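Q: Please take a close look at one part of this structure, the sheet together with what packs against it, and then relate that part to the surroundings of the ligand. A connected account would be preferred to a list.

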Amino acid sequence: MANDNQFRARTEFVAARGVREYRETISALIRADDVVLEVGCGWGTTTAELARHTRQVLGTDIGRECIQRARSMHPTLDFRVLDAFDLRAVLALAKPFTAVYVDLSGLSGYRGLLDLIALLNAYAALLCPRVIVVKSGALKHFAQHCRAWAQTHGAAAG
Ligand SMILES: C[S@@+](CC[C@H](N)C(=O)[O-])C[C@H]1O[C@@H](n2cnc3c(N)ncnc32)[C@H](O)[C@@H]1O
């Protein structure tokens with residue numbers, strides 16, 4: 001049964017719509033001492049942009065051919081084949097990730113939203129990064145129309 005442990009994570013989640021916004025976050029959020037993981041790196045274009053802002057970055061993707069292509073396009077960077085949902089494999093990377101970039105095909109729309117939120121919470125709980133940036137128009141739209149309830153001063157309950 002769920003309990004208060006699910007609210008303990010202190011990771012900030014940033015939702016971006018489209019690849020332009022996704023990459024735009026890098027200069028605003030990434031520091032030189034960050035250790036960054038990108039899941040769903042494709043051919044490594046965003047991983048390479050991340051590498052311009054920090055010394056430690058790892059690009060991962062479920063597609064073996066994507067990783068081969070990423071390695072040949074960016075031979076100085078580290079890329080691995082990895083299923084983002086294989087949490088044991090993510091933990092086995094054994095790196096102190098401070099930022100995680102998530103760009104998974106099929107999870108950016110409303111139909112994938114619950115799976116995406118579950119995955120983001122798992123990454124926050126397991127890796128405790130400072131920030132997780134996710135490319136998801138649906139999550140951005142949802143977040144823009146959400147607000148955390150806080151009782152206004154003087155309002156009586158009940
Ligand atoms: C839009 S592309 C990534 C583009 C890349 N992030 C960039 O900015 O250039 C989405 C990627 O998600 C990968 N993907 C889909 N499901 C995945 C999973 N379960 N684990 C890891 N990667 C996955 C696909 O193989 C694909 O390369």
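A: In this predicted model, strand E3, spanning residues 56-61, runs parallel to strand E4 and is joined to E4 by four bridges. Within this pair, leucine 58 has aspartate 78 of E4 as its bridge partner. In general, the strands of a sheet pair through backbone hydrogen bonds, in either a parallel or an antiparallel manner.

The pair belongs to an open sheet of six strands, whose order is E1-E6-E5-E2-E3-E4 and whose pairing is parallel. Strand E1 (12-16) and strand E4 (78-81) form the edges, each of them pairing on one side only. With direction ignored, neighbouring strands of the sheet are turned against each other by 20° on average.

Helices accompany this sheet. Helix H1, residues 18-29, lies across E1, strand E2 (35-39), strand E5 (99-102) and strand E6 (131-135), and its direction makes about 160° with that of E6. Helix H6, residues 137-144, also packs on the sheet, where H6 touches E1 and E6 and runs at about 115° to E1.

H1 also leads to the ligand. Three residues of the shell around the ligand come from H1, which gives the most to that shell. Both H1 and helix H2 (45-51) supply at least two residues of the shell each. There are 20 residues around the ligand, and those that come nearest are Gly40, Thr46, Asp61, Ala84 and Asp103. By character, the residues of the shell divide into nine nonpolar, five polar and six charged.

Individual polar contacts can then be considered. Threonine 46, one of the residues that come nearest to the ligand, places a polar side-chain atom 2.4 Å from an oxygen atom of the ligand. Two acidic side chains face nitrogen instead: a polar side-chain atom of glutamate 38 lies 2.9 Å from a nitrogen atom of the ligand, and an N or O atom in the side chain of aspartate 83 is 2.9 Å from a nitrogen atom of the ligand. As for the surface of the ligand, 600 Å² is exposed when the ligand is taken alone, and the protein buries 79% of that area.

Technical notes. Residues are numbered from 1 along each chain as its sequence is written. This is a predicted model: local features need pLDDT of at least 70, side-chain atom pairs count only at pLDDT 80 or more; totals for chains, interfaces and linings use all residues. Side-chain values use heavy atoms; hydrogens and water are left out. Two strands pair if DSSP finds at least two bridges between them. Axes are lines fitted to C-alpha atoms, for helices over the stretch in contact, and angles run from 0 to 180 degrees between N-to-C directions. Contact means heavy atoms within 4.5 Å. A residue is near a molecule or strand if one of its heavy atoms lies within 4 Å of it. A polar contact is a pair of N or O atoms within 3.5 Å; within protein, one must be able to donate a hydrogen and the other to accept it, and residues adjacent in sequence count only if both atoms are side-chain atoms. Accessible areas come from the Shrake-Rupley method with a 1.4 Å probe; for residues, only the protein chains shown count as cover. Ala, Val, Leu, Ile, Met, Phe, Trp, Tyr, Cys and Pro count as nonpolar, Asp, Glu, Lys and Arg as charged, and the others, Gly among them, as polar.
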